[in-house]
Amino acid sequence: MSVPAVGDRVRVRDAWPPGHVRTPGYVRGRSGVVVEVRGPYPDPELLAYGRPGPPRWLCTVRFRQCDLWPGYAGGRTDSLQVDVYDHWLTPGAAR
């Protein structure tokens, strides 16, 4: 995937690699919309082990809370924003 843009519908990879990752488990496999692209930063998953790596784009993705939490009792438009690095994102329709 190229660098996501504001407004892109994305899906977070449903992966569970061992080690230090910066993507919360509750958004893996879920769809949302990019609301901000913050810029490239050194890959924190590699830096945690003292290894260099390519820069990664940090994106703020908005998820509907009813898509994240089974049985969510709040409003259907309630949302949560999470910063996710681009290598975790694939193009995908938000629900």
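These legends walk through a few close-up views of a predicted protein model.

The model is predicted, so local features are described at pLDDT of at least 70 and side-chain atom pairs only at pLDDT 80 or more, while totals for chains, interfaces and linings use all residues. Residues are numbered from 1 along each chain as its sequence is written, and side-chain values use heavy atoms, with hydrogens and water left out.

**View 1. The whole protein, with two helices and five strands.**
Start at the N terminus and follow the elements in the order β-β-α-β-α-β-β. The radius of gyration is 14 Å, close to the 12 Å that the globule rule gives for 95 residues, so the protein is as compact as a globular protein of that length. Helices (H or I, at least four residues) and strands (E, at least two) are DSSP runs, numbered from the N terminus. The radius is taken over C-alpha atoms, and the globule rule is 2.2 Å times the number of residues to the power 0.38. Along the principal axes, the C-alpha atoms fill a box of roughly 45 × 25 × 15 Å.

**View 2. The surface and the interior of the protein.**
The accessible surface comes to about 5,400 Å², and 53% of this area belongs to carbon and sulfur atoms; the areas come from the Shrake-Rupley method with a 1.4 Å probe, and for residues only the protein chains shown count as cover. Of the 95 residues, 34% are buried. Buried means under 20% relative accessible area, exposed means over 50%, and partly exposed lies in between (1.4 Å probe, protein chains only). Among contacts between residues at least 6 apart in sequence, 60% join residues at least 24 apart; a contact means heavy atoms within 4.5 Å.

**View 3. Strand β1 and its two faces.**
In a regular strand the side chains alternate between the two faces of the sheet. Here is that pattern in β1 (residues 9-12): V10 and V12 point to one face and are buried, while R9 and R11 point to the other and are not.

**View 4. The partners of β1.**
Strand β1 pairs in the antiparallel sense with β2 (residues 31-41) over three bridges, and R9 has V33 of β2 as its bridge partner. Strand β1 also pairs in the antiparallel sense with β5 (residues 89-91), over three bridges, where T90 is the bridge partner of R11. Two strands pair if DSSP finds at least two bridges between them.

**View 5. From β2 through β3 to β4.**
Strands β2 and β3 (residues 56-64) run antiparallel and are joined by seven bridges. Look for G39 standing opposite L58 of β3. Strand β3 pairs in the antiparallel sense with β4 (residues 79-85), over seven bridges, and V84 in β4 is the bridge partner of C59.

**View 6. T23, a buried loop residue.**
T23 sits in the loop between β1 and β2, with a relative accessible area of 4%. Leaving aside neighbours within four places in sequence, T23 is in contact with V12, R28, E45, V84 and W88.

**View 7. D14, an exposed loop residue.**
D14 also has its place in the loop between β1 and β2, and its relative accessibility is 56%. Beyond neighbours within four places in sequence, D14 is in contact with R28 and G29. D14 and W88 are 74 residues apart along the chain, and their C-alpha atoms are separated by 8.6 Å.
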